Amino acid sequence: LPEKEIVRISKFLSLVLRHRPEKIGISLDENGWTDVTTLIQQVNKNGVPLSREVLKLVVETNSKKRFAFNADKTKIRASQGHSVNVNLDYTPQTPPAILYHGTSERHLKSILATGLQKQNRHHVHLSTDVVTARNVGQRHGKPVILRIDAEIMTKNGYLFYLSENQVWLTDHIPTEYLQIV
Ligand code: HQG
């Protein structure tokens with residue numbers, strides 16, 4: 001299967017598993033899982049050919065491991081990035097002392113006024129390295145990297161979660177913990 005096709009399927013899965021399950025007539029349970037057989041049926045019905053083998057391939061080769069199967073591989077979900085209301089049930093974990101967030105220059109003024117907010121998603125998304133943060137920021141425009149003092153935040157009682165695919169998540173980052181890199 002060409003890489004382009006895998007990316008196309010991955011994007012479609014992100015859309016229906018994170019944001020708009022109703023678009024293809026599936027539903028997510030409270031933890032974000034959906035039945036694999038039904039998903040494949042409904043994706044096909046909506047004009048995107050997808051077999052169980054290709055789905056497995058997309059999940060396994062996805063650059064950011066965006067999707068995960070449950071233990072017996074009957075259910076699938078996105079590991080982070082949702083806008084629909086699901087509870088991913090990640091337990092709080094101690095983050096590295098420093099985390100990074102990539103954003104675009106045009107968001108900076110507002111971020112420096114109100115801190116980092118989760119906007120349409122469930123959490124603010126953070127990475128352990130500058131390169132990932134820059135890539136994330138680039139999606140929105142001219143990238144700016146923010147350094148987050150996760151160690152002090154943790155000391156001050158803020159909670160951090162690590163998604164199954166290694167994205168650090170938190171609810172809100174007040175401006176005093178932010179520094180432009
Ligand atoms: C910005 C991708 C104004 C924030 C990535 C960001 C990530 C504010 C944008 C994941 C703000 C939201 C998430 C404030 C935050 N005022 N703007 N107070 N607070 N913002 O897409 O972090 O490829 O919802 O800086 O890799 O860019 O989809 O979040 O620019 O992990 O798997 O508001 O999406 O993963 O944008 O990206 P997004 P994000 P996937």
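Two residues are taken to be in contact if their C-beta atoms, placed from the backbone, lie within 7 Å. By this criterion, and leaving aside residues up to four places away in sequence, P143 of the predicted model touches G102, S104, R134, G137 and Q138. P143 belongs to strand β6, which spans residues 143-149 and runs antiparallel to strand β4, with seven bridges joining the two strands. Within this pairing, G102 has I145 of β6 as its bridge partner. Strand β4, which comprises residues 98-104, is mostly covered, since five of its seven residues are buried. P143, by contrast, is partly exposed, because 16 other C-beta atoms lie within 10 Å of its own, a count that falls between the limit of 12 or fewer for an exposed residue and that of 20 or more for a buried one. As for its distance from another part of the chain, the C-alpha atom of P143 is separated by 29 Å from that of N85, a residue 58 places away along the chain.

The domain assignment of the protein chain gives two domains, with domain 1 covering residues 3-78 and domain 2 covering residues 98-180. The C-alpha centres of domain 1 and domain 2 lie 27 Å apart. The ligand is surrounded by 19 residues, of which T103, H107, S110, Q117 and H125 come nearest. Two elements, β4 and α4 (residues 108-114), each give two or more residues to this shell, and α4 gives the most, with three residues. When the residues of the shell are sorted by class, 12 are polar, four are nonpolar and three are charged. Both domain 1 and domain 2 give residues to the shell, and the ligand therefore lies between them.

A further contact across the sequence is found at D35, a residue of strand β1, which consists of residues 34-35. Although D35 and K75 are 40 residues apart in sequence, their C-alpha atoms are 4.6 Å apart in space. When residues up to four places away in sequence are not counted, D35 touches T74 and K75. D35 is classed as partly exposed, because its C-beta atom has 15 others within 10 Å.

The backbone of two loop residues also deserves mention. Most residues other than glycine have a negative phi. D89, however, has a phi near 60°, a positive value in a residue other than glycine, and Q119 likewise has a positive phi, near 50°, without being a glycine. D89 is placed in the loop between β3 (residues 75-78) and β4, whereas Q119 is placed in the loop between α4 and β5 (residues 124-126). D89 is exposed, because its C-beta atom has 9 others within 10 Å, and the exposure of Q119 is explained in a similar way, because 9 other C-beta atoms lie within 10 Å of its own.

Key: Residues are numbered from 1 along each chain as its sequence is written. This is a predicted model: local features need pLDDT of at least 70, side-chain atom pairs count only at pLDDT 80 or more; totals for chains, interfaces and linings use all residues. Helices (H or I, at least four residues) and strands (E, at least two) are DSSP runs, numbered from the N terminus. Two strands pair if DSSP finds at least two bridges between them. A residue is near a molecule or strand if its C-beta atom, placed from the backbone, lies within 6 Å of it. Ala, Val, Leu, Ile, Met, Phe, Trp, Tyr, Cys and Pro count as nonpolar, Asp, Glu, Lys and Arg as charged, and the others, Gly among them, as polar. Domain bounds come from an automatic or database domain assignment.
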